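Trainee: Got a minute to go through this one with me? I'd like to start with the ligand site.

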Amino acid sequence: MKSIVILFGKPGAGKGTRLEELLKARPDLAEKFEVLSVGNMLREARRQQTELGKKAASYMDSGTLVPDEIINGIVIEGITSSEKSFFLDGFPRTVEQAKAVLDVFPDFLVEFFVEDDVVIQRARDRRICPTCSTTYTTNNFKPPKQEGICDKCGAQLIQRPDDDPDVVKNRLKVYEEQTEPVLDVLIDAGIPAYTIDNTNSETARQEFFALFD
Ligand code: AMP
């Protein structure tokens, strides 16, 4: 059976990190699910300089959301055109997107909670490979083997322009104003929602993994 699982939470709450760990630990889920990360999809579109990438660039660099009419069609089409199950990372982020996702019958939602100051600190420490989008940290949580170099493809790691502290503060404001209301829309529509405190990685990992037992 096709399943759709929504990963929800502030930008930098650690959704992608927990998901990466889950898929590493559970080859059965890695086989069954595709990961649809809207942020990664847009960064890839920019790297390839597609029309989508060009349209998305200024929104992304200022920490605002790319308009719904650009995002909704691509995401919903991506989900419906595949037989696979999906983890949605970074979708829905607006009430309009939430209404669109209801059309594909999501199974449940996992909200990862962290305080704002944790988000700001994590963004400061995060580095990303511009070629394959693997993320690392400058602290000892997930450093690359060789400082500043991607383990997988050898590219020079960069800081995402939208991880700049001022842009992060704007992304948190956008989250509060446009994304938080999504939670009520989905809960009111009867989608089961689980909240995990993602401040402590170890306990959060256990709680998240237990949802798939
Ligand atoms: P992320 O990597 O998930 O933090 O996303 C990076 C940027 O991509 C965001 O700040 C937005 O500009 C854009 N983006 C990601 N997901 C969405 C979405 N669902 N709707 C609109 N814009 C998005």
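**Ligand shell and pockets**

Mentor: By class, the shell around the ligand consists of seven nonpolar, four polar and five charged residues. Keep in mind that this is a predicted model.

Trainee: How many residues surround the ligand, and which are the closest?

Mentor: The ligand is surrounded by 16 residues, and the closest are R43, T64, G90, R93 and R171.

Trainee: Which helix gives the most to that shell?

Mentor: Helix α3, residues 38–47, with four residues.

Trainee: What does the backbone of T64 do there?

Mentor: One of the backbone N or O atoms of T64 is 2.6 Å from a ligand oxygen. G90 also uses a backbone N or O atom, which sits 2.7 Å from a nitrogen atom of the ligand. For a side chain, look at Q97: an N or O atom there lies 2.9 Å from a ligand nitrogen.

Trainee: And how much of the ligand does the protein bury?

Mentor: 95% of the 480 Å² that the ligand exposes when taken alone.

Trainee: Switching topic. What's the volume of the second largest pocket?

Mentor: About 280 Å³. Its lining has 15 residues, and R43, P130, I158, R160 and P161 lie nearest the centre.

Trainee: R43 again. Which helices supply at least two residues of that lining?

Mentor: α3 and α4, the latter being residues 51–62. The largest share is from α3, which supplies four residues.

Trainee: How does that lining divide by class?

Mentor: Seven charged, six nonpolar and two polar residues.

Trainee: While we're on α3, which residue does R47 form a salt bridge with?

Mentor: E44, with the closest N and O atoms 3.3 Å apart. The two residues are separated by about one helical turn because they are three residues apart in helix α3. In general, side chains of opposite charge can pair when their charged atoms come close.

Trainee: How many salt bridges does the structure hold?

Mentor: The structure holds 15.

Trainee: Last thing, cavities. How many of 30 Å³ or more?

Mentor: One. The largest cavity has a volume of about 50 Å³.

Trainee: What lines it?

Mentor: The lining of the largest cavity is I6, L7, F8, G9, K15, G90, F91, P92, R93 and T179. Strand β1, residues 4–9, gives the most, with four residues. G90 and R93 in that lining are also among the closest residues to the ligand.

Trainee: And the classes for that lining?

Mentor: Five nonpolar, three polar and two charged residues line the largest cavity.

Definitions and conventions. Residues numbered from 1 in each chain as written. Predicted model: local features only at pLDDT ≥ 70, side-chain atom pairs only at ≥ 80, totals over all residues. Heavy atoms only, no water. Near = heavy atom within 4 Å. Polar contact = N/O pair within 3.5 Å; in protein donor to acceptor, adjacent residues only side chain to side chain. Areas by Shrake-Rupley, 256 points an atom, 1.4 Å probe, with all protein chains shown as cover. Nonpolar A, V, L, I, M, F, W, Y, C, P; charged D, E, K, R; others polar. 1 Å grid on protein atoms, 1.4 Å probe; cavity = no way out; pocket = protein on both sides within 12 Å on 5 of 7 lines; lining within 4 Å. Points joined across faces, edges and corners; volume = space filled by probe spheres on them. Salt bridge = Lys/Arg side-chain N within 4 Å of Asp/Glu carboxyl O.
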